[in-house]
Amino acid sequence: MADLQKKEPVALPTWPDDVYRVLKEADVRQVGMVPDAGHSRLIRAFEADPQARVITLTTEEEGIAMLAGAWLGGERGVLLLQSSGVGNCINMLSLPMICRMPLLMLVTMRGEWGEFNPWQVPMGQGTRAVLEAMGVIVTRADEPHLVASTVSGAANLAFNTWRPAAVLIGQRVLGAKNFKELARK
Amino acid sequence: MNVPNELLHRRDVVNELLRDRSDLLVVAGLGAPNWDISAAGDSPNNFPLWGAMGAAAMMGFGLAIAQPKRRVLVITGDGEMLMSLGALATIAVQNPPNLTIAVLDNERFGETGMQKTHTAAGVDLAGIATAAGFRTSRIVRTMAEVTEIRDLAHRGNGPVFAQVKINPEALYFVLPPADGGILSTRFRQSVLGDGSLYN
């Protein structure tokens, strides 16, 4: 019985649709991303949106620089990344800070609640400290129904006060992978 | 006139790239390219970086897609470009016609004691850009070729990548404003108008 329950299809979470609406209200046009499974529904929504441009990056700090250029040219954007990518951004975060530019980062968390892969833990546990050390204002959502309002608040903060803001989307919202199960023949 | 094998001088190159610049938007990488565009004449349409090494190309790209009717020229150094080679792949995939990247390649880390960069050992930045998908990507050794890059940049027939081989000379600094808030605000006011001051 327990096994059967595990294999039943789970209803797809719809909080990414609410996040998409919030980002559209914020007039986000440039979506820079290094993909994460937790962002896949939001990425698909933007890919279907002719008013937005999804830019796949080779590394997350490219997105910090790109969105600085976007702001200089009058466009707003968002950077979608996983917690492991936050570490790649550290020095580049000087740019929005010193130039008083908005930056909105949506970070899907790994290396915390329910994590199976030990290699995700160091950066996952360091994510908030790294962002805050670089002056990024960090807020966090651990319940699906709170993600969109948290993003809305961070977007207002970023775009109205010209500073970097990040939303950490907890692994509890995203659901933890079970690699042992995935590896089972 | 150029003598064969004589390296170009960086400020001659930059002066030519920015000749009759009209409403060209310019992003310069940290260090000497910043001082070079400032020596050519400070402008609100310049965004000279003082840090964030590796940012220049992607910053120019974000600006270029936000302002598709303007032409954007990134002028940076070989060390700065080497730090963000992945950006060449990202930009080539997006294929922005109004973006030109000119790398002033002195084969040195000029600000830190003129240590050799990878290009001194033959790493071919223009070849990397070609392989990434830039349809126009050249190694430039003469002022006539610099003029061609200038014209491509000003016409918006891009994306264009140019690796301009230059003399490893250390020149006097010409400093633009260092306050990032001033640089951002004056750039946005110039590009977006006075309305940008109200948000």
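This is a short talk on a predicted model of a complex with chains A and B.

Hi everyone, thanks for coming. Let me start with confidence. The predictor gives the complex an ipTM of 0.97 and a pTM of 0.95. For chain B, the average pLDDT is 96, and 97% of the residues score at least 70.

Now to where the two chains meet. Chain A puts 26 residues into the contact, and chain B puts in 28 residues. On the chain A side, the elements that give two or more residues are strand S2 (53-56), helix H4 (61-72) and helix H6 (94-98). Which of them gives the largest share? That is H4(A), with 9 residues. If you sort the chain A side by class, you get 13 nonpolar, 8 polar and 5 charged residues.

Next, let's go inside chain B, beginning with helix H1, residues 10-17. Four of its residues are buried: Arg10(B), Val13(B), Val14(B) and Leu17(B). Look down the axis of H1(B) and you will see the buried residues within an arc of 95°, so they line one face of the helix. And what covers them? The cover includes three strands of chain B, namely S3 (72-77), S4 (99-105) and S8 (160-165), along with helices H2 (32-39) and H7 (143-155).

Helix H2 of chain B is worth another stop, since Ser38(B) is found there. Is Ser38(B) buried or partly exposed? Ser38(B) has 19 C-beta neighbours inside 10 Å, and a residue needs 20 or more to be buried, so Ser38(B) counts as partly exposed. Leaving aside residues up to four places away in sequence, Ser38(B) touches Pro48(B), Val174(B), Leu175(B) and Pro176(B). If you want a distance to try in your viewer, take the C-alpha atoms of Ser38(B) and Gly122(B): they are separated by 30 Å, with the two positions 84 residues apart along the chain.

Still in chain B, here is a helix pair. The axes of H5, residues 85-94, and H6, residues 125-132, come within 8 Å and cross at roughly 35°. The crossing of H5(B) and H6(B) is right-handed. From H5(B), the residues that meet the partner helix are Leu85(B), Leu88(B), Ala89(B) and Ala92(B), while H6(B) brings Ile128(B), Ala129(B) and Ala132(B). By class, this contact has 7 nonpolar residues, no polar ones and no charged ones.

Let me finish with some backbone geometry. As background, most residues other than glycine have a negative phi, and most peptide bonds are trans. So which peptide bond in chain B can I show you as cis? The one from Gly158(B) to Pro159(B), with omega near 5°. Pro159(B) lies in the loop between H7 and S8 of chain B, and both of those elements are among the cover of the buried residues of H1(B).

Over in chain A, Asp27(A) is not a glycine, yet its phi is positive, at about 65°. Asp27(A) sits in the loop between helix H2 (15-25) and strand S1 (28-33) of chain A. With 13 other C-beta atoms within 10 Å, Asp27(A) is partly exposed. Trp162(A) also has a positive phi, near 55°. You will find Trp162(A) in the loop between helix H8 (147-161) and strand S6 (164-169) of chain A. Trp162(A) has 18 other C-beta atoms within 10 Å and is partly exposed.

That's my tour. Happy to take questions!

Definitions and conventions. Residues are numbered from 1 along each chain as its sequence is written. Chains are lettered from A and ligands numbered from 1 in the order in which they are written. This is a predicted model: local features need pLDDT of at least 70, side-chain atom pairs count only at pLDDT 80 or more; totals for chains, interfaces and linings use all residues. Two residues are in contact if their C-beta atoms, placed from the backbone, lie within 7 Å. Ala, Val, Leu, Ile, Met, Phe, Trp, Tyr, Cys and Pro count as nonpolar, Asp, Glu, Lys and Arg as charged, and the others, Gly among them, as polar. pLDDT is the predictor's confidence in each residue, from 0 to 100. A residue is buried if 20 or more other C-beta atoms lie within 10 Å of its own, exposed if 12 or fewer, and partly exposed in between; C-beta atoms are placed from the backbone. The arc is that of the directions from the helix axis to the C-beta atoms. Axes are lines fitted to C-alpha atoms, for helices over the stretch in contact, and angles run from 0 to 180 degrees between N-to-C directions. A crossing is left-handed if the near helix is turned anticlockwise from the far one by less than a right angle, and right-handed if clockwise.
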